[in-house]
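Grab a coffee and work through a few exercises on the structure shown here. Each one starts with a task, and a worked solution follows.

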Amino acid sequence: MRVSAPLVLFGGTFDPVHRAHISAARAVSRVLGDAPVHLLPNAVPPHRPQPLADGEQRLAMLRLACHDHPCLTPDDWELRQDGPSYSLNTLRHFREQHGERPLVFLIGADSFASLHHWHRWEEYAALCHLAIVPRPDSPLAADTVLARFPESDARGLCQQAAGLRLMLKRPFLDVSATAIRDALARKGTCPALDPDVIAHIHRHHLYNVPDCQPGTKHEAP
Ligand code: ATP
């Protein structure tokens with residue numbers, strides 16, 4: 001039976017990248033034998049309002065947050081494409097690049113619960129596996145989605161190219177970028193952010209941060 005190291009794809013707005021994103025990516029990487037994870041900020045998210053920070057800033061913050069984690073690679077592929085950032089296009093691109101290598105699409109449980117509304121989601125099963133990270137207060141996924149992706153374990157995902165579902169139990173973190181943007185605008189800081197990301201936010205005056213907060217690390221001008 002063929003066993004090969006999967007490539008994990010983690011799409012999101014990352015506005016900004018936070019502790020739950022990094023913990024989720026590292027957890028999936030570890031479970032899959034230190035599999036590489038590409039974190040892909042979207043250019044034009046099709047299912048939600050436009051991000052506050054532009055693509056370049058979100059990518060810069062991802063680079064800072066991933067710096068100490070060799071298994072994590074910020075990837076600007078979606079930022080370089082025109083039109084809405086449909087995950088289907090990203091999955092097709094990586095499938096073309098990687099032949100029969102297992103591809104794993106990482107999503108939080110809240111996204112998984114709405115997957116049946118995503119653009120041509122039925123086609124995902126021929127392109128990738130799913131790895132789902134739990135998230136507090138997430139609704140249940142649709143039965144059609146559960147049926148399309150049979151549940152498996154990590155070894156199963158390494159033995160075929162696509163079509164299975166891995167449900168992680170951890171991390172389980174009550175963190176959201178929405179709450180973080182709110183905390184930044186009120187207090188200028190948030191414990192769920194990497195200190196280098198906080199410094200970047202202040203340096204570039206992102207998210208309506210108040211001027212110069214005590215206790216935050218600032219980059220040299
Ligand atoms: P926002 O609050 O702006 O909606 P977010 O915190 O949900 O942002 P996104 O960039 O939209 O972050 O999420 C990218 C991916 O990360 C999605 O699949 C989402 O489900 C997942 N994710 C984000 N936060 C968590 C979390 N706390 N636990 C599990 N998954 C998460």
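**Exercise 1. Work out how many disulfides this predicted model holds, and check the sulfur distances for C66 and C158.**

Solution. Start with the cut-off: two cysteine sulfur atoms need to sit within 2.5 Å to count as a disulfide.

Step 1: take C66. Its closest cysteine sulfur belongs to C71 and lies 8.5 Å away, so that's too far for a bond. C66 is also buried, at 3% relative accessibility.

Step 2: try C158. Here, too, the closest cysteine sulfur is in C71, but the gap is 15 Å, again too far for a bond. With a relative accessible area of 11%, C158 counts as buried.

Step 3: the tally for the structure is 0 disulfides.

**Exercise 2. Find the salt-bridge partner of R135 and say where the two residues sit in the chain.**

Solution. As a reminder, side chains of opposite charge can pair when their charged atoms come close.

Step 1: look around the R135 side chain. D110 meets it in a salt bridge, with 3.0 Å from N to O.

Step 2: place both ends. R135 is in the loop between β5 (129-133) and α5 (143-148), while D110 belongs to helix α4 (residues 109-113). They're 25 residues apart, and the pair links distant parts of the chain.

Step 3: check the exposure. R135 comes out at 27% relative accessibility, which makes it partly exposed. D110 is partly exposed as well, at 30%.

**Exercise 3. Now do the same for R165: which residue does it pair with, and is each partner buried or exposed?**

Solution. Step 1: R165 makes a salt bridge with E151, and their closest N and O atoms are 3.9 Å apart. That fits the 4 Å limit for a salt bridge.

Step 2: R165 lies in strand β6 and E151 in the loop between α5 and α6 (154-159), so this pair ties together parts that are 14 residues apart in sequence.

Step 3: R165 is buried, at 9% relative accessibility, whereas E151 is exposed, at 52%.

**Exercise 4. Describe the salt bridge between R186 and D182, then look at K187.**

Solution. Step 1: the R186 and D182 side chains meet at 3.2 Å, N to O.

Step 2: both residues lie in helix α7, 4 residues apart, or about one turn of the helix.

Step 3: R186 is exposed at 54% relative accessibility, and D182 is partly exposed at 40%. Elsewhere, salt bridges that share partners join R92, R120 and E123 into one network. A search of the whole structure turns up 7 salt bridges.

Step 4: K187 is in helix α7 too, and it's partly exposed at 43% relative accessibility. Its C-alpha atom is separated by 7.1 Å from that of P210, although K187 and P210 are 23 residues apart along the chain.

**Exercise 5. Name the residues that form a positive surface patch, and locate R170.**

Solution. Step 1: the patch is formed by R26, R30, K169 and R170.

Step 2: R170 is in the loop between β6 (165-167) and α7 (177-187).

Step 3: test R170 against the patch cut-off, which asks for over 30% relative accessible area and no salt bridge. R170 has a relative accessible area of 65%, so it counts as exposed.

Definitions and conventions
Residues numbered from 1 in each chain as written. Predicted model: local features only at pLDDT ≥ 70, side-chain atom pairs only at ≥ 80, totals over all residues. Heavy atoms only, no water. Patch = residues over 30% accessible without salt bridge, like charges linked within 9 Å, V, L, I, M, F, W, Y side chains within 5 Å. Areas by Shrake-Rupley, 256 points an atom, 1.4 Å probe, with all protein chains shown as cover. Lys, Arg positive; Asp, Glu negative; His and termini not counted. Charge placed at Lys NZ, Arg CZ, Asp CG, Glu CD. Buried < 20%, exposed > 50% of the residue type's maximum accessible area, 1.4 Å probe, protein only.
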